[in-house]
Every structure is written in C-alpha cells, then in structure tokens.
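Ready to practise reading a protein structure? Take a look at the sequence and the 3D view, then try each exercise before you read its solution.

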Amino acid sequence: MTKVAPSILSADFAHLAADVARVEKAGADMLHIDVMDGHYVPNLTIGPQVVASLRPHTKLFFDVHLMVEEPQNLFRPFIDAGAGLITVHAEAVVHLHRAVHQIKELGVQCGVALNPATPLNVLEYIVNDLDLILIMSVNPGFAAQGYLPLAGRKISELKTMLNERGSKAQIQVDGGINSNTGYEVVKAGADILVAGSYIFGADDLEGAIALLKSM
C-alpha cells in the first residue's frame, strides 16, 4: 500500500498541533516537514524549535525535508527536535556523500531530494547508502504548485536504477499530488506521496488520505 505524508506547509500554522492531530487520526503514515531558509528557495518556513514543540503532540514519524543552504548545520538540531528522517537536496551540498553519511552516523534515516531538472546520475555512487529518494515534481519553494509531468519518466527510470542496484531506498514524490497525479506517480514506481493542499484543503481528510493510500 502507498504511504501518505501530509506536508505541513499547507497546514494552518496558527493551529498546527490541531491540524497534525487531524491528519494523524485520518490515517497519515508520516508527517512531511518542509524547512526553507529564504536562500536556497525564496520562501521561509520553520526551524527546529517548532518541530521540537510539535513532537510531544503526535506519534507520527517526522520526515524533515531541508530546502536550505549548508544543510549540514541543521542535521543535529532537527534530529534532536525529533526528526526520524533527514532529506537534503543534492544541489545544496558540495560533498553529497559526506552529508549522507553524517546523517546516518547521527542515527536516523537519510534521503536525497532531486529538483525537476537534476539528473538521476548524481545518485550513481550513493544510491545504496540511501533510505529514501525524493523526486520533486515541482520546483521547490511554495505550496499548491502544479505537477510537472516530466516527473513520471524520472520516477520510472529511478525505479529501474534501484532494482538494478538492489537498493531498498523508497521513492517519495512531492509536488502537485492529488487524486489524478498520485495515480500517475504510483504507477511509475512511487512508494510515498507527499501532499499538502490536497489533504489539508479537503473536506474529508480521511477520504483524501485513504484514496492516496489505495493507489
């Protein structure tokens, strides 16, 4: 069954704990936490203090997606705040292999994210070190963007790469996910769907999450 990770980027930040409780009750598998610094992407979101404050209020696994420059400076603070998975952008680090192993040595799962125009070959020498690969199906930085169809072929090619290498990394997809695009990316090979506005904007949270999980 497909896993669903609601993105709190689309939650009501004035009632964040309540919104997280709602998606947890509705069947979410994990919580996707988008961290933006206003430099790597133009938007600015949250820091470790918000994550630490949220941690006692939910049992959901925290999937922290760092869209920041020099992400290595934030590995320890977010892990201490409760992150179970740290994802870094391949484009944001000079030494990707070093960053991956720094995360793993801190005792949590590690993911690498690829922007729409970033080729899969950057993963060639680290693919078996990863727990997750995040394919961005929008350019990062803002919620409620439209899905870029080029992601489908990229997911399919990544699935082939993982099978050929014997990698157990899961494929996560983030950007413009809804009842139509979710089906497309799962068919291509996605394991985890990140959805923000589709879930938090739904009248029926449980139904929206159940539909994505059934794909």
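The exercises below go through the sheet, a helix, some charged pairs and a backbone angle of this predicted model.

**Exercise 1. The sheet**

In what order do the eight strands of the open sheet lie, and which strands stand at the edges?

Solution.
- Step 1: Let's begin with the order, which is S1-S8-S7-S6-S5-S4-S3-S2, with parallel pairing.
- Step 2: Now look at the two ends. Strand S1 (3-6) and S2 each have a single partner strand, so one side of each is left without a neighbour in the sheet.
- Step 3: Add the twist, which averages 25 degrees from one strand to the next.
- Step 4: Zoom in on one pair. Strand S6 (residues 132-136) and strand S7 (residues 170-174) run parallel and are joined over five bridges. Within this pair, Met136 has Asp174 of S7 as its bridge partner.

As background, strands of a sheet pair through backbone hydrogen bonds, either parallel or antiparallel.

**Exercise 2. The two sides of a helix**

Find the buried residues of helix H4 (residues 96-105), and work out how they are placed around the axis.

Solution.
- Step 1: The buried residues in H4 are Leu96, Ala99, Val100 and Ile103.
- Step 2: These residues cover an arc of only 100 degrees around the axis, so they are on the same side of H4.
- Step 3: Turn to the other side of H4, where Arg98 and Glu105 are exposed.

**Exercise 3. Salt bridges within a helix**

How many salt bridges does the structure hold? Describe two that join residues of a helix, Asp19 with Arg22 and Arg153 with Glu157.

Solution.
- Step 1: The count is seven salt bridges.
- Step 2: Between Asp19 and Arg22, the N to O distance is 2.9 Å. Both residues belong to helix H1 (residues 16-25), where they are three residues apart, about one turn of the helix.
- Step 3: Check how accessible each partner is. Asp19 counts as buried because its relative accessibility is 10%, under the 20% cut-off. Arg22, at 37%, is partly exposed.
- Step 4: Repeat this for Arg153 and Glu157, whose closest N and O atoms are 2.9 Å apart. They sit four residues apart in helix H5 (residues 150-165), so about one helical turn separates them. Arg153 is exposed at 60%, while Glu157 is partly exposed at 37%.

**Exercise 4. A salt bridge across the sequence**

Which parts of the chain does the salt bridge between Lys213 and Asp29 tie together?

Solution.
- Step 1: The side chains of Lys213 and Asp29 meet with an N to O distance of 3.5 Å.
- Step 2: Locate the partners. Lys213 is in helix H8 (residues 205-213) and Asp29 is in the loop between H1 and strand S2 (30-36), so the salt bridge links parts 184 residues apart in sequence.
- Step 3: Compare the accessibility values. Lys213 is buried, at 17%, and Asp29 is partly exposed, at 29%.

**Exercise 5. A charge over a ring and an angle to notice**

Where does Arg55 lie with respect to Phe62, and what is notable about phi of Glu70?

Solution.
- Step 1: Arg55 lies over the face of Phe62, 3.7 Å from the ring centre.
- Step 2: Place Glu70 in the loop between strand S3 (61-67) and helix H3 (75-81).
- Step 3: Recall the usual sign. Most residues other than glycine have a negative phi.
- Step 4: Now read the angle: phi of Glu70 is near 50 degrees, a positive value in a residue that is not glycine.

How values were computed. Residues are numbered from 1 along each chain as its sequence is written. This is a predicted model: local features need pLDDT of at least 70, side-chain atom pairs count only at pLDDT 80 or more; totals for chains, interfaces and linings use all residues. Side-chain values use heavy atoms; hydrogens and water are left out. A charge sits over a ring if NZ of Lys or CZ of Arg is within 6 Å of the ring centre and within 35 degrees of the ring normal. A salt bridge is a side-chain nitrogen of Lys or Arg within 4 Å of a carboxyl oxygen of Asp or Glu. Buried means under 20% relative accessible area, exposed over 50%, partly exposed in between (1.4 Å probe, protein chains only). Two strands pair if DSSP finds at least two bridges between them. Axes are lines fitted to C-alpha atoms, for helices over the stretch in contact, and angles run from 0 to 180 degrees between N-to-C directions. The arc is that of the directions from the helix axis to the C-beta atoms.
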